[in-house]
Amino acid sequence: MSAQAHGIAAYAGNIALLTDGEKIVERLLRAGLMARASDIHLDPQEDCLRVRLRIDGQLEDFLELPPSVQTTVTGRLKVLASLDIAEKRAPQDGAFSWSLPAALSAGHSAIDVRIATLPVRHGERVTLRLLEKDAKRLTLDELGMSADDRLAFDAVLKRPHGLVLLTGPTGSGKTTTLYATIGELLRADEKKNILTVEDPVEYDIPGVAQAEVDSADKVNFSKALRSLLRHDPDVIMIGEIRDADSLDVAVKASLTGHLVLSTLHANSAKSSVTRLTGMGLDPALVPATLRLAVAQRLARRLCPCCRKRGETGFEPVGCPDCDNRGYRGRIGLFSLYSPDGGLETSMEKDAADKVRGGVTSFAEALKCCPSPETLSSCLVSLSEKTS
């Protein structure tokens, strides 16, 4: 077991012995940082408070706390997030910043924590989203796009107007790609006037005006978007096209000389057209508006220290460097579709390339690709070319 894994395991044992809510919360947050967790789940059961961590997209059991500490732990988290500690029968959400003392930070930065509570049968369920404030931002080069996909993507970003959509389910990395895209635009021209509307703002981007939608509805998506157009933007980033109003403003902005970046819940890049028309967009406007749709999924990266070659590429093994998971980190799988340029690439082909290259495993690729049959045929085709 690695030193980090040993430290996390030791923390789990130590936390289970604590009764003070403040100390338990601090230990849980530190354990989440050490484990590279994106989320911490506190799920009250009849006989315990179950704690789980989401690491590289997988939810893993961490420890079980006695039910007697549930109230103090939840209360401490509510105090940190300025929530109503007396309200236990309605969902609440909020946020707070947290950091370890300098002597204990061990290279870990301060984090923003998003908190959501939900009344359930045995108490209040709490989910914490961990966002490192000073974490290194991923660039487009590091996301995993193939060379051909990257060239096509860059060509669209150089155009002065149009709509660019990132599609995929929740947790597929769309927002990360949006932030990386904005970073690329700023590196190309730091004088660009870039404005965003987000719910919530996950990371601060120097040089970008970021508007956050609030729960009181004083700043909703529709109001913020209409206001942005009066601020002479070059680029507008919308956290999500979620209804006909936000779609209407995005389309009008893209048709009047603005580059608009956003996300959309669609199963594939091409199906984003169906989704847009279903939300009320005139089909005749699709080729005039939509410059590019990018579908993406996240697959776990194989640990380069312990992977082994198998029948369909490389397979996970497990070693101290990956905490015996066989995987460490994640990589994007992409497909692109452009209704006006005749471009359409295959996510299965992209996944097959990464499986053959030892970046991810066949099992991981299967979870992400819409068509397992196409993935298998792409792998066979690659094998024939290399044999």
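Strand 1 (residues 37-44) and strand 6 (residues 123-132) pair in the antiparallel sense over four bridges, where two strands count as paired if DSSP finds at least two bridges between them. Within this pairing, His41 has Thr127 of strand 6 as its bridge partner. The model is predicted, and local features are reported at pLDDT of at least 70, side-chain atom pairs only at pLDDT 80 or more, while totals for chains, interfaces and linings use all residues. Residues are numbered from 1 along each chain as its sequence is written, and side-chain values use heavy atoms, with hydrogens and water left out.

**The antiparallel sheet**

Strands of a sheet pair through backbone hydrogen bonds, either parallel or antiparallel. Strand 1 and strand 6 belong to an open sheet of six strands in the order 3-2-1-6-5-4, with antiparallel pairing. Strand 3 and strand 4 (92-98) stand at the edges with a single partner strand each, so one side of each has no neighbour in the sheet. On average, and with direction ignored, neighbouring strands of this sheet are turned by 20° against each other; such angles run from 0 to 180 degrees between N-to-C directions, and the axes are lines fitted to C-alpha atoms, for helices over the stretch in contact. Helices (H or I, at least four residues) and strands (E, at least two) are DSSP runs, numbered from the N terminus.

Strand 2 (residues 49-55) is mostly covered, since five of its seven residues are buried, a word that stands for under 20% relative accessible area, with exposed meaning over 50% and partly exposed in between (1.4 Å probe, protein chains only). Strand 1 and strand 2 form a hairpin with four residues between them, and in their antiparallel pairing Leu42 has Val51 as its bridge partner. On to strand 3, the hairpin has two residues between the strands, and there Asp56 takes a positive phi near 50°. The following table lists bridge counts for pairs of strands.

| Strands | Sense | Bridges |
|---|---|---|
| Strand 1 and strand 2 | antiparallel | seven bridges |
| Strand 2 and strand 3 (residues 58-65) | antiparallel | seven bridges |
| Strand 7 (residues 162-167) and strand 12 (residues 290-302) | parallel | five bridges |

In strand 3, Glu64 stands opposite Arg50. Helix 3 (residues 70-80) lies across strand 1, strand 2, strand 4, strand 5 (111-120) and strand 6, and runs at about 45° to strand 6.

**The mixed sheet**

A further open sheet has eight strands in the order 9-8-10-11-7-12-15-16, with mixed pairing. Its edge strands are strand 9 (209-212) and strand 16 (343-344), each of which pairs on one side only. Helix 6 (residues 174-188) packs on this sheet, touching strands that include strand 7, strand 8 (194-198) and strand 10 (235-238), and its direction makes about 165° with that of strand 11 (259-264); a contact here means heavy atoms within 4.5 Å. Val164 stands opposite Leu292 in strand 12. Helix 11 (residues 347-356) lies across strand 12 and strand 15, running at about 150° to strand 15.

**Arg226**

Arg226 lies in helix 7 (residues 221-228). Is Arg226 buried or partly exposed? Arg226 is partly exposed, because its relative accessible area is 35%. Leaving aside residues up to four places away in sequence, Arg226 touches Asp248 and Val249. The C-alpha atoms of Arg226 and Ser246 are separated by 9.2 Å, although the two residues lie 20 residues apart along the chain.

**Empty space in the model**

Cavities and pockets are found on a 1 Å grid over the protein atoms alone: a cavity is a set of points where a 1.4 Å probe fits but cannot get out, a pocket is an open set with protein on both sides within 12 Å along at least five of seven lines, and lining residues have an atom within 4 Å of a point. The largest cavity holds about 30 Å³ of space, and its lining consists of Ile55, Asp56, Gln58, Glu60, Arg300, Arg325 and Tyr327. About 250 Å³ lies in the second largest pocket, a volume being the space filled by probe spheres set on grid points that are joined across faces, edges and corners. Of the 14 residues lining this pocket, the closest to its centre are Leu157, Lys158, Leu185, Ala188 and Lys192. Helix 6 gives the most to the lining of the second largest pocket, with three residues.

**The whole protein**

The protein has 13 helices and 16 strands, and 48% of its 387 residues count as buried.
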